[in-house]
Amino acid sequence: MRREGAPRRLTADGTVWLWNVRHRHPDCRTVLSLRRAEHPHAQLRLVFRDAPGRVVAGFTTGSGEVAAVAGGHLNLNEPGVVRRFLDAAGAHGLLPTAHGVREEDGWPLFDAVANTPEPPGTGPAPDPGRRGHAQDPG
């Protein structure tokens with residue numbers, strides 16, 4: 001079982017990214033952190049806090065889940081979701097290029113990501129414990 005907050009690898013357009021998701025208190029926030037493997041000190045943190053019409057992981061939801069009351073639900077533990085946030089952050093010029101941590105509100109990217117289809121090959125990995133079940137191709 002994966003340790004909470006342990007970095008995971010994601011390759012996008014030839015670049016290896018390390019990412020993790022953590023839930024923090026006292027102000028109850030979920031944070032998606034992204035950094036290039038070759039630049040470990042340049043990091044983007046997308047922060048999701050409860051707000052009117054917005055919900056972060058808590059008692060009634062699973063770890064890493066964020067949702068909009070008006071519609072849309074994302075699990076930040078899924079590589080396809082993280083890839084869509086990575087693409088959206090790049091399109092908005094938010095990717096880190098120098099040393100330091102860039103912290104951004106994740107909600108402005110949420111709506112674009114929630115309405116973007118998952119790129120091919122980024123879905124959840126097949127469960128090695130399950131035999132005879134084909135992985136969903138889409």
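Among the elements of this predicted model, helix α1 (residues 79–91) has the highest mean pLDDT, at 95, and strand β5 (residues 54–56) the lowest, at 89. Over the protein as a whole, pLDDT averages 81, and 78% of the residues score at least 70. Residues 124–138 need a gentler eye: pLDDT stays under 50 there, and the model has three contacts for this stretch beyond four places in sequence. Where pLDDT is low, the predicted coordinates should not be read in detail.

A helpful place to begin with the fold is strand β3. Seven of its eight residues are buried, so β3 is largely enclosed by the rest of the structure. On one side, β3 runs antiparallel to β2, and eight bridges join the two strands. Within this pairing, Asn 20 stands opposite Ser 33 in β3. The two strands form a hairpin with four residues between them, and Cys 28, in the turn, has a positive phi of about 45 degrees. Strand β3 also pairs with β4, again in an antiparallel arrangement, through seven bridges. Here Val 31 has Val 47 in β4 as its bridge partner. This second connection is a hairpin too, with five residues joining β3 to β4.

Thr 30 offers a closer look at strand β3, in which it lies. With a relative accessible area of 1%, Thr 30 falls under the 20% cut-off and therefore counts as buried. Its side chain makes a polar contact of 2.9 Å with the side chain of His 23. Leaving aside residues up to four places away in sequence, Thr 30 touches Val 21, Arg 22, His 23, Leu 46, Val 47, Phe 48, Val 56, Ala 57, Gly 64 and Leu 76.

Charged side chains add another layer to the picture, with six salt bridges found in a search of the whole structure. One of these salt bridges joins the side chains of Asp 27 and Arg 49, at 3.1 Å from N to O. Asp 27 sits in the loop between β2 (15–24) and β3 (29–36), whereas Arg 49 belongs to strand β4 (residues 42–49), so the pair ties together parts that are 22 residues apart in sequence. Asp 27 is partly exposed, at 38% relative accessible area, and Arg 49 is likewise partly exposed, at 35%.

Helix α1 holds another such pair. The side chains of Arg 83 and Asp 87 meet in a salt bridge of 3.0 Å, N to O. Both residues lie in helix α1, where the four residues that set them apart amount to about one turn of the helix. Their surroundings can be told apart by accessibility: Arg 83 is buried, with a relative accessible area of 13%, while Asp 87 is partly exposed, with 33%. The arrangement also takes in Asp 13, which is linked with Arg 83 and Asp 87 in a network of salt bridges.

A further salt bridge brings together the side chains of Glu 104 and Arg 102, at 2.9 Å from N to O. Glu 104 has a relative accessible area of 24% and is partly exposed. Arg 102 is also partly exposed, with 34% relative accessibility.

Methods:
Residues numbered from 1 in each chain as written. Predicted model: local features only at pLDDT ≥ 70, side-chain atom pairs only at ≥ 80, totals over all residues. Heavy atoms only, no water. pLDDT = per-residue confidence, 0-100. Contact = heavy atoms within 4.5 Å. Salt bridge = Lys/Arg side-chain N within 4 Å of Asp/Glu carboxyl O. Buried < 20%, exposed > 50% of the residue type's maximum accessible area, 1.4 Å probe, protein only. Pairing = 2+ DSSP bridges. Polar contact = N/O pair within 3.5 Å; in protein donor to acceptor, adjacent residues only side chain to side chain.
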